[in-house]
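Trainee: Could you take me through one part of this chain up close? I'd like to start with a single loop residue and then see how it fits with the rest.

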Amino acid sequence: MIRKFQPDDTKRVMDIWLNSNIEAHSFVPKDYWISNYSFVRDQLIQANVYIYEQGNIIKGFVGMTDNYMAGIFVDKNFRSMGIGKMLIDYIKGIYPSFNLNVYKENRRAVDFYKREGLNIISEETDMDTQRQEYTMEWKNKA
């Protein structure tokens, strides 16, 4: 089931966010993610966050700010089960278009977003990490 974020979800969501970023971005120092933890936690209340929950277990989530997708995050124990696809399909049903940034080196995520119909529209250097990232975009063709 996908539902809106509730304040009681914060700890679990932040655990998934931190662990997912550390695992998916071995090319970025772990301390970068740890140092951004408080900032991201504070941003949760300003974003539209949608939770994928099954059997009272939060397995993943997606965060949106306006038409910007901050990311899809799935607990490592529940990856490759279609949760990311369900979350992105849910967002496609709400937003007529959106964009996101993804590190070029995160091939698994880049390939996932391409499969889901997103196109690379630019490439730039992330100023915080000095790593190359793509801006990708999805538009409803209907």
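Mentor: Let's start at Asn56, which sits in the loop between β2 (48-54) and β3 (57-65). Keep in mind that this is a predicted model, so everything here is computed from it. The backbone at Asn56 has a positive phi, about 65°, even though Asn56 isn't a glycine. Is Asn56 buried or exposed? Its relative accessible area is 72%, and the cut-off for exposed is over 50%, so Asn56 counts as exposed.

Now follow β3 out the other side. In the loop between β3 and β4 (68-74) you'll find Asp66. Asp66 isn't a glycine either, and it has a positive phi of about 55°. With a relative accessible area of 64%, Asp66 is exposed. So picture β3 with a loop at each end: Asn56 is in the loop between β2 and β3, and Asp66 is in the loop between β3 and β4.

For a contrast, go back towards the N terminus. Asp9 is also a loop residue, placed between β1 (2-4) and α1 (10-24). Asp9, though, has a relative accessible area of 6%. Buried means under 20%, so Asp9 is buried. What does Asp9 touch, leaving out residues up to four places away in sequence? Its partners are Arg3, Lys4, Ile51 and Ile58. Look at where those numbers fall: Arg3 and Lys4 belong to the stretch given for β1, while Ile51 falls in β2 and Ile58 in β3. That brings us right back to the two strands on either side of the loop that holds Asn56.

Let's zoom out and place these pieces. The chain has four helices and seven strands, and from the N terminus they run β-α-α-β-β-β-α-β-α-β-β. The radius of gyration is 14 Å, close to the 14 Å the globule rule gives for 142 residues, so the chain is as compact as a globular protein of that length. Along its principal axes, the C-alpha trace spans about 45 × 40 × 30 Å.

How much of the chain is buried? Buried residues make up 42% of the 142, and Asp9 is one of the buried ones. Contacts reach along the sequence too: among those between residues at least 6 apart, 58% join residues at least 24 apart. As for the surface, the chain exposes about 8,100 Å², with carbon and sulfur atoms supplying 50% of it.

Key. Residues numbered from 1 in each chain as written. Predicted model: local features only at pLDDT ≥ 70, side-chain atom pairs only at ≥ 80, totals over all residues. Heavy atoms only, no water. Rg over C-alpha atoms; globule rule 2.2 N^0.38 Å. Buried < 20%, exposed > 50% of the residue type's maximum accessible area, 1.4 Å probe, protein only. Contact = heavy atoms within 4.5 Å. Areas by Shrake-Rupley, 256 points an atom, 1.4 Å probe, with all protein chains shown as cover.
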